[in-house]
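Colleague: I have just opened this structure and would like some help reading it. Could you take me through a few of its features?

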Amino acid sequence: MACTFHHGAAKPKSTPTAEHDGTDAEVPEGVPIPHPPEKLFTKNLKEMDPNFAVSSFWRLADIYGPIFSLNLIKRKVIVISDYQLINEVCDDNLYEKLVTGVQENIRPLTKNGLFTSYSDEEEWGIAHRTLVPVFGPMHVRKMFPQMTDILSQMVFRWDRFGPDHRISTMDDFTRLAFDVIGLCAFNYRFNAFYSQDLIPFAKQLGQVLIETGLRTTRLPIENELHFRDKKLMMENIAAMHKLCDEIVAERKANPRPDVDDLLNVMLFAKDPVTRKGFTDENIRYQMVTFLVAGHDTSAGTMMFLLYNLLQHPEALQKCYAEVDAVLGDKPLELEDIPKLKYIDASMREALRYLGPIPAMTRHTKKTRLLGGKYRVTPDVVIACNFKGLHHDPKIWGPDCDEFRPERWLNGGAEKQPPNAWKPFGTGVRACIGRYLAEQEIVIAMAMIFQHFIVEQADPDYKLTDQKTEVKSTLTINPDHFDIKVRRRPGKEHLFTFTGNAAPAPKATKAKGTADLINLKPIDVFFGGNTGTCKSFGEDLETSAPNFGLAVPDQCRNLDDAVERLPKGRPVIIITSSYEGLSPDNARNFIAWLETRAKDPASSELLKGVSYGVFGVGNKDWAATFHRIPKLVDELMERLGATRLVPAGYVDKTVLFPKLRELTGVTSAVRGSEMTVEITQSETPSKLAGEEVSEGVVLANEIIAKKGLGPEKRQIDILLPPGVTYRSGDYLVVQPYNPRESVNRVLRHFGLHLDSIIAVSGTTKEHLKAHNGGPISAYELITTRVELANPASQRQVKSLASLSAGPDAERLHALAEDHLYNREILGKRFSVLDLLEDFPSCTLSLAAYLDMLAPLTPRQYSISSSPYATRPIPPVCLTATLTYDIYAGPSYSHPTRPFHGVASTYLSTLHPSTRLRCFVRRINIPFRLPPDPQTPVIMIAAGTGIAPMRAFIQDRVAIASEDFQYKDDLAAWEGLGVVKVRAAFSKVPGADGDGRVGHVDERIWEDREELKGMFKEGARVLVCGSAARLGRSAAEVCLRIWGEAHPEGTRREGEEWLLAQKEERYVSDVFG
């Protein structure tokens, strides 16, 4: 858990000596240190996750604050997590490094090497004084040729594999780090990039690290029972020692006085104090230490850095822009490294945000009062939690939980107080290889970004999400973090490291049944989180051949278009906005456009690109409606692209004729080729799913009966092992269509549940079985398609053309703008509703399925805090959802029942039922402020109280029918955590505290108090209906602003509110 090269960087400024310092008898008892309750036999051992111990520190620090203690039977540990306490412990005059835990258990491998030697061992002093100059900045600069040599091998390897190959960052950055250390330190080549598998040393080391980690968390008797594991560990250690001894023996037999490397220093240099040199045994331990420590930290830092940049496209694009400005098309030179300031800042920010070294262990040299009040003795381990230090809002500000490299620029690094940033450890035991690692990482990122466009192999990969986690051994790093790379356009000449040219990237293989001969190609890109934009894109892809056009590369997400927007053929972009923010799969594309648009030299970057932008959005959000489509349209034109059609909605009747005209297509327009074949199955279909991606229902209870509003329920779901969340996050649920709705479809088209449907002539994957074959009617209609979406205007016109007599006349009238908006959209007539109401319509099953969008998952704000309940072994968290039951007469017809898809599905789930779900991180700052003293204004209506309940439970852990969670809120109010101001739509609260009215009216009534809280830095959190609470809360805030600024205009007020939405006014609305 401490830095691997722990030794030698620059010394920080010392802190003042504690007021109480002396013998045990002289030091008072001080203030009790908070701690979890102890169990009779296991004490606090069960609080620790045996596979990821430091994550337990993070969890307990959220509950107990900046200092707490743990009784781990074999030792007592005090964990400190804020700057004030860690700053004091970094004083080498008062405290020193303590080799304990996993560091002690790895000593059979590294013994008295710099990392694991005890401070009083003579070998440590000899190595410390002799090797510090070798790892100084000037000497490390001389290693530049060796570093670029190895990195060129990695770049060439990546290019050879091609753009579809999944690259394991763990494997390849490990290869890189091993080879760099081997060549720079010992002039030895592991040739790791010339082997399909990891080199034997890396495999042996990996097994040793796993076993030493496990031995740290086991009881002594358990370790005795694992004697076979110990035997294997010692065999691996012997093999690694043998390799190091062979390297030393070869150098002795064939001296290389011309080589200025670490091995020659250890063989021939003398300690300036003792005049002693290194023994062969100690050289072995130092060599193993450098390989163990240096590879793990460098590789882990590069993984965290690349992950964070891919998660923050704005920062990633600034790195690309910096590389282009500094390097252009020329090879990287040593003099370029200091110019790569943004990459360097990003590296430092990655180490701050979450780096490979999560903690360091120290102990006091004498009994004293830590922080002037907590008594600590020399036998107690003091664990410095770097996550707490590096996210302390008093040092890093209110955005401490954001990845923001800019904090390191323009003097930001120099403004930090001493010991605020400690990824390399502290004092004389800090990381000796810091400068080597920093130079290696900056060079690696520069060469990667100069040559490749990088993307995540799994676009949905997020740390701590389902199936992914931070892996913990000696250090921590992202587990299973894979990437894909493709050559940057116009950079082919850079791939000249060897005599052979690298292959060109492979073209994406086109799918679909349309014959592409004589069809004019177009490209379709989409950006959206819910599947709607993708559905529109796939609809265009399917229909294109009928108009003499083709989408040969398939409908792709917008991030795939970075630096490769096609020229010479039309580009169609379909995207949406989310509260004015980019969709998740378009963030990199938007950041690329924004970054390039700021550079005057890029005014013709997209010259030759012809495009059309189409927006999908919610008109309830007038201030941000179509912000992203409008932005894309504006930026592409600014960068030299040619607009084909004005930005607007996706309308094939307008778009395809224009595309036919631009591409010169003269062939006749064809009708749809999609067909459906129906057969009967011999046995009913059986559905199965992966248990690993499933939650288990623990309880499903009514919390407010139907009356003044819809019935409200609470469902408790046990998440899969390892899945975590934070208050404010969503749980995304994949629902099934209500049985009544499914039966209506079956009746209309004369199907049985076990009818087998074979779909062909379409690229819409959601209409097919996973193997591309037939699918049962039950699976298709229940689990694949949206049945209740309102019919589009185009679909109403299609139904009219297939109807006769009065039905046709009425449908044609309903397709007109004024009636369509009022009758179809306003009353939410689905295609199925219209088919039942207009029986003369002869719409086929194939055409009906072609009209249906894929059944998209629904997301709910989690209404529980992860700290509210203890995890259920094996480390499973419980998430609570609060939801309305939407059931009643349909707007389209009073006798036709309406059942909400997701709410009906959830209401049918009984305890022990499994459901498909996953946690989705919220991508807006809808979180509690980092400082628990910062006031928060919470505005909620109906089930919008869900995340507020979670936030209040967070703060609690740290310190009637229309009134949900009344008892909980009353109890929390009694603790002083929250003040509840209730507003009731019909009946006031029984306790007399509520008012009849709406939330916005109550806000206006209490506006003076709320204004005072806002001036004190309060954050406003809003959750509820977008059309009602979202709009009314924004309006009342504008009224309050207008009252305080009578001279201001409505536009100025909206601009002020929009600026607050970046961080201080955050809404999470639905509907």
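Modeller: Happily; we will go through a marked site, two helices, the nonpolar cores and the aromatic rings. Please keep in mind that this is a predicted model.

Colleague: Let's begin with the record. Which residue does UniProt list for "binding site"?

Modeller: The unreviewed UniProt entry lists Cys-431 under that heading. Such annotations may be inferred rather than shown by experiment. In the model, Cys-431 is found in the loop between α17 (393–396) and α18 (434–451).

Colleague: Is Cys-431 buried or exposed?

Modeller: The idea is to compare its relative accessible area with a cut-off: under 20% counts as buried. Cys-431 has 4%, so it is buried.

Colleague: Now a helix. What span should α19 have, and what do its end C-alpha atoms show?

Modeller: Start with the general rule for helices. An α-helix has 3.6 residues a turn, so residues three or four places apart point the same way. For length, reckon 1.5 Å a residue: the 12 residues of α19 (residues 532–543) should span 16 Å, and the end C-alpha atoms are 17 Å apart, which agrees.

Colleague: How many residues of α19 are buried?

Modeller: In α19, 9 of the 12 residues are buried, so this helix is largely enclosed by the rest of the structure. Among them are Cys-533, Gly-537, Leu-540 and Ser-543. Charged residues of α19 such as Glu-538, Asp-539 and Glu-541 are buried too.

Colleague: And what does α20 pack against?

Modeller: The buried residues of α20 pack against α14 (313–326), β18 and α21 (627–638). This helix is mostly covered, with 9 of its 11 residues buried, including Phe-589, Trp-592 and Leu-593. Just before it in the chain, Ser-582 lies in the loop between β18 (571–576) and α20 (587–597). At 15% relative accessibility, Ser-582 counts as buried. Ser-582 touches Arg-587, Ile-590, Ile-628 and Asn-923, leaving aside residues up to four places away in sequence.

Colleague: How many residues are in the largest nonpolar core?

Modeller: To find a core, we join buried nonpolar residues through their side-chain contacts. The largest one here has 177 residues, and those with the most contacts inside it include Leu-131, Phe-186, Met-445 and Phe-589. Helix α13 (residues 280–311) gives the largest share of this core, 15 residues. Apart from it lies another core, of 38 residues, with Val-745, Ala-800, Leu-814 and Leu-819 among them.

Colleague: What does Phe-186 touch?

Modeller: Beyond residues up to four places away in sequence, the contacts of Phe-186 include Ile-247, Leu-263, Met-287, Phe-290 and Arg-251.

Colleague: How should I read two aromatic rings side by side?

Modeller: Look at the distance between centres, then at the angle between planes: over 60 degrees is edge-to-face, under 30 is stacked, and the rest are tilted. The model has 24 aromatic pairs. Tyr-64 and Phe-68 have ring centres 6.4 Å apart and planes at 45°, so they are tilted. Tyr-188 and Phe-190, with centres 5.1 Å apart and planes at 80°, are edge-to-face.

Colleague: Which aromatic cluster includes Tyr-188?

Modeller: Phe-178, Tyr-188, Phe-190 and Phe-201 form one cluster. Within it, Tyr-188 is partly exposed at 27%, while Phe-190 is buried at 11%.

Colleague: Where do charges sit over rings?

Modeller: One case is Arg-352, whose charged end sits over the ring of Trp-396, 5.4 Å from its centre. In another, Arg-284 lies over the face of Tyr-285, at 5.6 Å from the ring centre.

Conventions
Residues are numbered from 1 along each chain as its sequence is written. This is a predicted model: local features need pLDDT of at least 70, side-chain atom pairs count only at pLDDT 80 or more; totals for chains, interfaces and linings use all residues. Side-chain values use heavy atoms; hydrogens and water are left out. Helices (H or I, at least four residues) and strands (E, at least two) are DSSP runs, numbered from the N terminus. Buried means under 20% relative accessible area, exposed over 50%, partly exposed in between (1.4 Å probe, protein chains only). The expected span of a helix is 1.5 Å times one less than its number of residues. A nonpolar core is a set of buried Ala, Val, Leu, Ile, Met, Phe, Trp, Tyr and Cys residues joined through side-chain atoms within 4.5 Å. Contact means heavy atoms within 4.5 Å. Rings of Phe, Tyr and Trp (its six-membered ring) pair if their centres lie within 6.5 Å; planes under 30 degrees apart count as stacked, over 60 as edge-to-face and the rest as tilted. A charge sits over a ring if NZ of Lys or CZ of Arg is within 6 Å of the ring centre and within 35 degrees of the ring normal.
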